[in-house]
Amino acid sequence: MESNDAIAALAALAQLTRMETFRLLVRHEPNGVPAGELARLLDVPQNTMSSHLATLSRAGLAKSERQSRSIIYRADLDRLRDLTLFLLKDCCGGSADLCKPLIAELMPCCATEVKPCSA
């Protein structure tokens with residue numbers, strides 16, 4: 001991930017409703033959530049939610065798919081992974097022991113094996 005891409009993603013998340021929307025999308029993976037349901041769950045007008053979803057989509061954090069009359073939104077987990085790795089890539093500074101607490105915190109929520117940082 002390039003710095004400008006990371007800045008765009010972080011800027012999209014730097015607003016409360018968009019952050020809550022993204023976290024809700026992550027919790028509903030892999031099924032996604034219809035746009036109207038997102039608006040209802042977060043008590044946001046549908047036109048406002050549409051604007052927030054467009055911002056998340058432009059930043060590459062959300063993707064949409066039309067299913068019949070609904071538009072289903074999903075978190076782009078690949079982009080989330082890329083952003084997280086971008087932020088943490090050099091976390092160890094050559095010492096894998098520094099990453100152990102962070103990895104331990106992430107392990108309960110991850111289904112796949114997380115490898116410690118390397119020098």
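A salt bridge is here a side-chain nitrogen of Lys or Arg within 4 Å of a carboxyl oxygen of Asp or Glu, and a residue is called buried under 20% relative accessible area, exposed over 50% and partly exposed in between (1.4 Å probe, protein chains only). The structure is a predicted model, in which local features need pLDDT of at least 70 and side-chain atom pairs count only at pLDDT 80 or more, while totals for chains, interfaces and linings use all residues. Residues are numbered from 1 along each chain as its sequence is written, and side-chain values use heavy atoms, with hydrogens and water left out.

The chain has 6 helices and 3 strands, these being DSSP runs numbered from the N terminus (helices H or I, at least four residues; strands E, at least two). From the N terminus on, the elements follow the order α-α-β-α-α-β-β-α-α. Of the 119 residues of the chain, 28% count as buried.

The largest nonpolar core, a set of buried Ala, Val, Leu, Ile, Met, Phe, Trp, Tyr and Cys residues joined through side-chain atoms within 4.5 Å, holds 20 residues, and Leu61 is one of those that touch the most other members. Helix 1 (3–13) gives the largest share of this core, 4 residues. Leaving aside residues up to four places away in sequence, Leu61 is in contact (heavy atoms within 4.5 Å) with residues including Leu13, Phe22, Leu56 and Asp76.

Asp76 sits in the loop between strand 3 (70–75) and helix 5 (77–88). Which side chain of opposite charge is nearest to the buried Asp76? That side chain is Lys63, 4.3 Å away, and Asp76 has no salt bridge; in this count Lys and Arg are positive and Asp and Glu negative, while His and the chain ends are not counted. A polar atom of the Asp76 side chain does, however, lie 3.1 Å from the backbone nitrogen of Asp78.

The whole structure contains 4 salt bridges, among them the following.

| Pair | Closest N to O distance |
|---|---|
| Glu37 and Arg40 | 2.6 Å |
| Glu65 and Arg74 | 3.0 Å |
| Arg81 and Asp82 | 3.1 Å |

Salt bridges that share partners join Arg81 and Asp82 with Asp78 into one network. Glu37 and Arg40 are 3 residues apart in helix 3, so about one helical turn separates them; Glu37 is partly exposed at 29% relative accessibility, whereas Arg40 is exposed at 54%. In the second pair, Glu65 is partly exposed, with a relative accessible area of 37%, but Arg74 counts as buried at 17%.

Terms used
Polar contact = N/O pair within 3.5 Å; in protein donor to acceptor, adjacent residues only side chain to side chain.
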